Amino acid sequence: MKVCKNCWKVYNPTSNNQKYCCKECQKEAHREEKKEYQKNWQKENKEKIKLITKRYYEGNKEKIKKRKEKYYEKNKNKILKHQRNYRERNKEKIKEHSKSYREGNKEKIKEYSKGYREEHKEEMREYSRSYREQNRERLREYYKSYYEQSKRT
Ligand SMILES: [Zn+2]
């Protein structure tokens with residue numbers, strides 16, 4: 001008598017090295033083993049995998065970007081719809097999540113936006129310049145009304 005290592009049933013083995021009661025259990029157990037193995041492998045090689053993906057990404061930046069763009073172009077409507085649906089369905093969750101993320105990563109976010117600003121200084125300057133130029137009239141109106149309002153009070 002033996003106990004099946006998969007379903008814990010007691011069975012009569014037909015050979016000495018039989019570990020499972022039936023073929024199904026054997027299959028299932030092997031599947032689990034494989035999954036477990038893969039999980040362990042991934043865990044043990046986390047750094048290596050990260051490095052490889054990073055290296056691949058760096059070596060294929062343009063290609064990946066193009067592929068992403070192409071994919072996006074092709075599936076734009078689907079993606080947008082999906083995003084919208086997701087946002088609609090998870091409004092509260094997203095709000096909660098981003099709030100707690102902001103709270104937990106205050107320093108990181110500050111660092112990031114500082115770095116972003118520094119990296120995109122020219123772009124941002126260019127953007128605000130063209131914005132001012134395009135909205136000159138509107139801004140003038142705005143400042144005028146602001147000025148008049150502050151004069152009154
Ligand atoms: Zn079994």
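This report describes the fold, the helices and a few residues of one predicted protein model.

**Ground rules**

Residues are numbered from 1 along each chain, as its sequence is written. The model is predicted, so local features need a pLDDT of at least 70 and side-chain atom pairs count only at pLDDT 80 or more, while totals for chains, interfaces and linings use all residues.

**Confidence**

The pLDDT is the predictor's confidence in each residue, from 0 to 100. The protein averages 91, and 99% of the residues score at least 70. Confidence is lowest in α7, with a mean of 87. It is highest in helix α3 (residues 61-89), at 93.

**Overall form**

The protein has seven helices and two strands. Both kinds are DSSP runs, numbered from the N terminus: helices are H or I with at least four residues, strands are E with at least two. The order from the N terminus is β-β-α-α-α-α-α-α-α.

The radius of gyration is 30 Å. A compact globule of 153 residues would be near 15 Å. This radius is taken over C-alpha atoms, and the globule rule is 2.2 Å times the number of residues to the power 0.38. Along the principal axes, the C-alpha atoms fill a box of roughly 100 × 40 × 35 Å.

How many of the 153 residues count as buried? The share is 1%. A residue is buried if 20 or more other C-beta atoms lie within 10 Å of its own, exposed if 12 or fewer, and partly exposed in between; C-beta atoms are placed from the backbone.

**Three helices**

The expected span of a helix is 1.5 Å times one less than its number of residues. The table sets this beside the span between the end C-alpha atoms.

| Helix | Length | Expected span | Span in the model |
|---|---|---|---|
| α2 (46-59) | 14 residues | 20 Å | 20 Å |
| α5 (106-119) | 14 residues | 20 Å | 20 Å |
| α3 | 29 residues | 42 Å | 34 Å |

For α2, the expected and actual spans agree. They agree for α5 too. Helix α3 spans only 34 Å, where a straight helix would span 42 Å. Where does α3 bend? It bends at N75, by about 80 degrees. The bend at a residue is the angle between axes fitted to the seven residues ending there and the seven starting there.

Cover is sparse. Helix α2 has zero buried residues. The count is zero in α5. It is zero in α3 as well.

**Residues to find**

Start with W8, in the loop between β1 (2-3) and β2 (10-11). Its phi is positive, about 65 degrees, although W8 is not a glycine. Most residues other than glycine have a negative phi. Is W8 buried or exposed? W8 counts as exposed because it has 9 C-beta neighbours inside 10 Å.

Next comes E111, in helix α5. E111 has 11 C-beta neighbours inside 10 Å, so it counts as exposed. E111 and K23 are 88 residues apart in sequence, and their C-alpha atoms are 57 Å apart.

M124 sits in helix α6 (residues 121-134). With 13 other C-beta atoms within 10 Å, M124 is partly exposed. M124 and R89 lie 35 residues apart in sequence and 34 Å apart in space, C-alpha to C-alpha.

Last is S145, in helix α7 (residues 136-152). S145 has 10 C-beta neighbours inside 10 Å and therefore counts as exposed. S145 and K27 are 118 residues apart in sequence, with 77 Å between their C-alpha atoms.
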